[in-house]
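Trainee: I have the sequence and the coordinates open. Could we go through them by question and answer?

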Amino acid sequence: MKVKIISLYLVCFLSIVMMNCQDITVGYLITEYASYSIDTMVVKKDLDVTPPHEVPNPRYEMYISMGLTPEQIADRYNIFPTMLGGEGEDYERVLRDQPWVSSAIEGIEGTPPIIVTIKSITSEQGDVEKLKACLSVRGNGMFQVPVKNEVPVGRYKISLAFTNEGRSHDVNDCFTIIVK
């Protein structure tokens, strides 16, 4: 008889405990220390795409002054009298279609997967819709703007939303993109 009563109490106790465990949110998400080490990215509108031209190779001149023949320099070191140089600052970026990319956000902790989305973009003098059309954010919070874009000159503040299973936090005005 005592065993039946103890068993009944145990079943009731476990049932109550199990029902209360249903409402616990899974995982965690901490964004209070979220920030970018470099919180501004400059996107240039006027790109310097001056093509490279041949310039004298200083290493070749150094080996000539040391007494080596041009054949020895070419055979041993694969160095030639001229090299390409003097290209514009953005020549390689445009040639290879390399986008403008920011640093990753730091200080986000939580149960994976953490999904990052752009919450809002604000600007006083720019066109937010044009930036929104070409801006993307990666899973680690890195922003990417294509090198060829139609974004007008302006200063844009970006807010992000971080979500994972059962949690969601916003980080407001955490990054600035300056188009000039």
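**Charged pairs, strands and caps**

Mentor: K44 has a relative accessibility of 22%, so K44 counts as partly exposed. Keep in mind that this is a predicted model.

Trainee: Which residue meets K44 in a salt bridge at 3.3 Å, N to O?

Mentor: Side chains of opposite charge can pair when their charged atoms come close. K44 sits in the loop between strand 3 (40–43) and strand 4 (53–56), and the partner is 45 residues apart from K44, in the loop between strand 5 and helix 4. With 65% relative accessible area, the partner is exposed. The residue is E89.

Trainee: Which residue is linked with K44 and E89 in a network of salt bridges?

Mentor: Look in the loop between strand 5 (82–85) and helix 4 (91–95). The residue there touches K44, D46, L47, D48, V49 and W100, leaving out residues up to four places away in sequence. The third member of the network is D90.

Trainee: Is D90 buried or exposed?

Mentor: Buried means under 20% relative accessible area. The value for D90 is 4%, so D90 counts as buried.

Trainee: What is the distance between the closest N and O atoms of E92 and R96?

Mentor: E92 is partly exposed because its relative accessibility is 33%. R96 has 53%, so R96 is exposed. The two form a salt bridge, and the closest N and O atoms are apart by 2.9 Å.

Trainee: How many residues apart in sequence are K119 and D170?

Mentor: These two form a salt bridge, with 3.4 Å between the closest N and O atoms. K119 lies in strand 9 (residues 115–123) and D170 in strand 13 (residues 167–179), so the pair ties together parts whose separation in sequence is 51 residues.

Trainee: How many salt bridges are there in total?

Mentor: The rule asks for a side-chain nitrogen of Lys or Arg within 4 Å of a carboxyl oxygen of Asp or Glu. Among the pairs that meet it are E92 with R96 and K119 with D170. The count comes to four.

Trainee: With which side chain does the side chain of T82 make a polar contact?

Mentor: T82 is in strand 5, and at 40% relative accessible area it is partly exposed. Beyond its neighbours within four places in sequence, T82 is in contact with E54, V55, P56 and N57. The polar contact is 3.2 Å, and the side chain is that of E54.

Trainee: Which residue caps the N-terminal end of helix 2?

Mentor: Helix 2 covers residues 58–65, and a side-chain oxygen of the capping residue lies 3.1 Å from the backbone nitrogen of R59. After helix 2 comes G67, with a positive phi near 100°. The cap is N57.

Trainee: In the open sheet of three strands, which are the edge strands?

Mentor: The sheet has the order 6-11-10, with antiparallel pairing. An edge strand pairs on one side only, which fits strand 6 (100–101) and strand 10 (136–137).

Trainee: Which residue of strand 11 is the bridge partner of V137?

Mentor: Strand 10 and strand 11 (residues 143–145) run antiparallel and are joined by two bridges. In strand 11, the partner of V137 is F143.

Trainee: Which residues form a nonpolar patch on the surface with about 410 Å² of accessible area together?

Mentor: One member belongs to helix 1 (residues 2–20) and is exposed, with 61% relative accessible area: Y9. The whole patch is M1, I5 and Y9.

Terms used: Residues are numbered from 1 along each chain as its sequence is written. This is a predicted model: local features need pLDDT of at least 70, side-chain atom pairs count only at pLDDT 80 or more; totals for chains, interfaces and linings use all residues. Side-chain values use heavy atoms; hydrogens and water are left out. Helices (H or I, at least four residues) and strands (E, at least two) are DSSP runs, numbered from the N terminus. Buried means under 20% relative accessible area, exposed over 50%, partly exposed in between (1.4 Å probe, protein chains only). Contact means heavy atoms within 4.5 Å. Patches are made of residues with over 30% relative accessible area and no salt bridge: like charges are joined within 9 Å, nonpolar side chains (Val, Leu, Ile, Met, Phe, Trp, Tyr) within 5 Å. Accessible areas come from the Shrake-Rupley method with a 1.4 Å probe; for residues, only the protein chains shown count as cover. A polar contact is a pair of N or O atoms within 3.5 Å; within protein, one must be able to donate a hydrogen and the other to accept it, and residues adjacent in sequence count only if both atoms are side-chain atoms. Two strands pair if DSSP finds at least two bridges between them.
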